[in-house]
Amino acid sequence: MTKIFILLISLYLSTFSFAQRNSNFDFSGITKFWEIADILEHNQQPSGQKWNELFNTPGYKVLLKREFSRNFFKNNFSLVFMPSKRSALNQALKSGRNRTYLLHYIKVRDNRARIDEQERKIKYSNYSQTAISRTLKFLPQNHVNQLPPVAFIIFESNGRGSSPIVVDLAATIEWNIVGFLAHEFHHWYRNRELRYRTYGIAAEDAPIINVLGRIEAEGIADQVDKIKWFTEASNSVSRYARTFINDVGKTPYVIQKMDNYLSAIAQDQSKKFSYSRKFQNLLPELGHTTGYFMSSLILQKFSRNDLVKCVGNPFRFIKLYDKAAKMSSGNYPGFSDKALKMINELERKYKK
């Protein structure tokens with residue numbers, strides 16, 4: 001079945017001309033960014049209309065809704081690109097305020113030709129097709145008739161799994177971009193497969209629901225792009241990959257603490273709010289490494305199809321991991337009856 005859908009997506013993509021490859025990619029934010037940068041480099045401030053054109057592109061629009069402000073970009077782009085603000089830029093770097101962002105924008109300013117070349121490379125390569133092929137191996141084959149939208153902009157050396165998926169173009173020069181896209185594509189499709197409500201959740205339940213959702217979402221998506229980290233020589237992977245591998249090794253302790261908190265809540269509901277907050281702050285790597293540990297054991301004890309059935313259903317994911325752990329003769333920590341009682345209670349409460 002997976003091969004059939006991969007073929008359909010491949011045929012869909014191949015209907016576009018070479019110049020239109022990756023038709024789901026949007027670069028309007030990059031075009032408008034360089035227009036702003038060119039004006040600033042002439043020691044002029046762009047008009048309100050010019051800033052609006054930048055902020056109305058798909059990538060910047062979604063970031064402004066969620067975490068950034070217009071003034072953040074206006075002030076920091078001006079500091080970096082206006083020659084008259086070099087002294088103020090140096091002071092800002094010394095103060096440490098927005099230092100990481102400013103250093104990234106300086107790198108962008110000084111490497112325009114390289115970034116332009118990266119844009120051409122991304123436009124004309126089969127990145128979407130390759131990423132989709134990887135992603136489909138860990139997805140239910142229900143909603144793959146649409147390509148996830150991707151907006152390339154300049155904001156930080158990172159990306160966001162929103163809709164559209166937001167990617168910093170300069171950052172991709174140093175990434176495995178296919179792996180990143182495959183991972184984010186998985187989130188995009190997974191969010192259309194949710195088997196639980198993400199709205200109308202009681203305040204005392206929200207931290208637990210969010211944590212369980214992250215563990216499932218990241219744990220399965222990380223199977224798409226991080227397996228090779230565990231088979232390659234340690235000196236050939238990035239520092240982040242080595243940190244990730246190390247944090248995966250801490251998962252038994254994390255699961256034991258999860259179990260303690262869930263059991264305490266099941267035993268005394270009056271403690272739900274305080275313990276759910278502690279539960280929320282427990283996970284390293286925002287749930288990535290805990291989820292990867294769990295999904296790996298599920299694959300070891302069951303099948304990839306069994307793991308795929310958990311996509312969008314964190315309760316099923318946790319319970320299937322527990323079954324796998326109980327099959328490991330005590331080598332992997334499972335969950336107690338009290339903790340599973342709490343998981344089942346939340347599932348009944350919020351299942352779609």
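1. A residue is called buried here when its relative accessible area is under 20%, and the structure to which this is applied is a predicted model. In helix H5 (residues 70–81), that description fits Phe72, Phe73, Asn76, Phe77, Ser78, Leu79, Val80 and Phe81.

2. Helix H5 has 12 residues and spans 16 Å from its first C-alpha to its last, which is close to the 16 Å expected at 1.5 Å a residue. Its buried residues pack against several other helices, namely H2 (28–41), H3 (48–55), H4 (58–66), H6 (86–95) and H7 (99–109).

3. Turning to the strands, 4 of them form an open sheet with mixed pairing, and their order is E1-E2-E4-E3. The edges are taken by strand E1 (25–26) and strand E3, each of which pairs on one side only. Helix H2, one of the packing partners of H5, lies across E1 and E2 and runs at about 15° to E2.

4. Strand E4 (residues 165–168) is joined to strand E2 (residues 150–153) by 4 bridges, and these two strands run parallel; across this pairing, Phe152 stands opposite Val167 and Ile153 stands opposite Asp168. Strand E3 (residues 159–160) is joined to E4 by 2 bridges in an antiparallel arrangement, with Gly159 as the bridge partner of Val167, and a hairpin of 4 residues connects E3 to E4.

5. In a regular strand the side chains alternate between the two faces of the sheet. Both faces of E4 are covered, since Ile165 and Val167 on one side are buried, as are Val166 and Asp168 on the other.

Key
Residues are numbered from 1 along each chain as its sequence is written. This is a predicted model: local features need pLDDT of at least 70, side-chain atom pairs count only at pLDDT 80 or more; totals for chains, interfaces and linings use all residues. Side-chain values use heavy atoms; hydrogens and water are left out. Buried means under 20% relative accessible area, exposed over 50%, partly exposed in between (1.4 Å probe, protein chains only). Two strands pair if DSSP finds at least two bridges between them. The expected span of a helix is 1.5 Å times one less than its number of residues. Contact means heavy atoms within 4.5 Å. Axes are lines fitted to C-alpha atoms, for helices over the stretch in contact, and angles run from 0 to 180 degrees between N-to-C directions.
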